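Trainee: Got a minute to go through this one with me? I have some short questions.
Mentor: Sure, load it up.

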Amino acid sequence: MIALTFLMVIFAYLAGSLSSAIIIARLYKLPDPRKNGSGNPGATNILRIGGTRPAVLVLVGDVIKGTIPVWCSYFIGLEPISLGIVAIAACLGHIFPIFFEFKGGKGVATALGAMLPIGLDLTGMLFASWVVMVIITGYSSAAAILIASLAPVLTYFIKPQYTIPVAMLGLLIIIRHQPNIIRLFKGEEPKVWQKFKRKK
């Protein structure tokens, strides 16, 4: 089982390393998201530099590459802690993609995709919380930090055996958002609607 876990971790990392933002940007002939907009290769930055359609494709791609490795690991019988490690590997692949010079995104959509196999109810509540937080504050980063903090609590009441793996995932997302947290406290974080402006 250890060898199987190791193989799934490698698979998850490689899947996560397929940067949807960079791939979609190249297909749509958009500027490199690592060098334009916020500099973050994620759906929100693609929305800024390329519009809604490529942003949706990036979001779906980022979610799927988190879901597939964890779902496969679940069906081959890996334990909850091992599933958590696989999920973290997928997010680390997104954050530090081996195929794209180790310059990746924040990992929020991939983490959400990794939680999807736990249940649609959990995913739905987290997504709804993200939307509400964005509407209230205008900050996508604050919304991401909120759902990362809220996810282990909700998981405890839905499927408590996955609380620790989800907490591990949430902690990774919060650590990844450290620069955003600093900018939020300084009042320098851009609001999400500022990212709807296409680059001319």
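Mentor: One cut-off before we start: buried means under 20% relative accessible area, exposed means over 50%, and partly exposed is in between. Also, this is a predicted model.

Trainee: Okay, cysteines. How many disulfides does a search of the whole structure find?
Mentor: Zero.

Trainee: Why no bond for Cys72?
Mentor: Distance. The closest cysteine sulfur to that of Cys72 is in Cys91, 16 Å away, and that is too far for a bond. A disulfide needs the two sulfur atoms within 2.5 Å.

Trainee: And is Cys72 buried, exposed or partly exposed?
Mentor: Partly exposed, because its relative accessibility is 35%. Cys91 is buried, at a relative accessible area of 0%.

Trainee: Switching to the core. Which residues have the most contacts inside the largest nonpolar core?
Mentor: Val86, Met115, Leu122, Leu126 and Leu169. That core has 29 residues.

Trainee: Which helices supply at least two residues each?
Mentor: Helix 1 (2–16), helix 5, helix 6, helix 7 (120–137), helix 8 (140–158) and helix 9 (163–176). Helix 5 gives the most, eight residues.

Trainee: What does Met115 touch, leaving out residues up to four places away in sequence?
Mentor: Leu122, Thr123, Leu126, Ala151, Val166 and Leu169.

Trainee: What lies apart from the largest core?
Mentor: Another core, of nine residues. Among them are Ala21, Ala25, Leu47 and Ile49.

Trainee: Ala21 and Ala25 are in helix 2, right? Which residues of helix 2 are buried?
Mentor: Right, helix 2 covers residues 20–27. The buried ones are Ser20, Ala21, Ile22, Ile24 and Ala25.

Trainee: What do they pack against?
Mentor: Helix 3 (43–50) and helix 4 (52–75).

Trainee: Now backbone angles. What phi does Lys29 take?
Mentor: A positive one, about 55 degrees. Lys29 comes just after helix 2.

Trainee: Where is Glu101?
Mentor: In the loop between helix 5 (80–95) and helix 6 (108–115). Its phi is positive, about 60 degrees, although Glu101 is not a glycine.

Trainee: Is Glu101 buried or exposed?
Mentor: Exposed, because its relative accessible area is 55%.

Trainee: What about Phe102?
Mentor: Phe102 also has a positive phi, about 60 degrees, and it is not a glycine. Phe102 lies in the loop between helix 5 and helix 6. Phe102 counts as partly exposed, because its relative accessibility is 46%.

Conventions:
Residues numbered from 1 in each chain as written. Predicted model: local features only at pLDDT ≥ 70, side-chain atom pairs only at ≥ 80, totals over all residues. Heavy atoms only, no water. Helix = DSSP H or I, 4+ residues; strand = E, 2+ residues; numbered from the N terminus. Buried < 20%, exposed > 50% of the residue type's maximum accessible area, 1.4 Å probe, protein only. Contact = heavy atoms within 4.5 Å. Core = buried A, V, L, I, M, F, W, Y, C linked by side-chain atoms within 4.5 Å.
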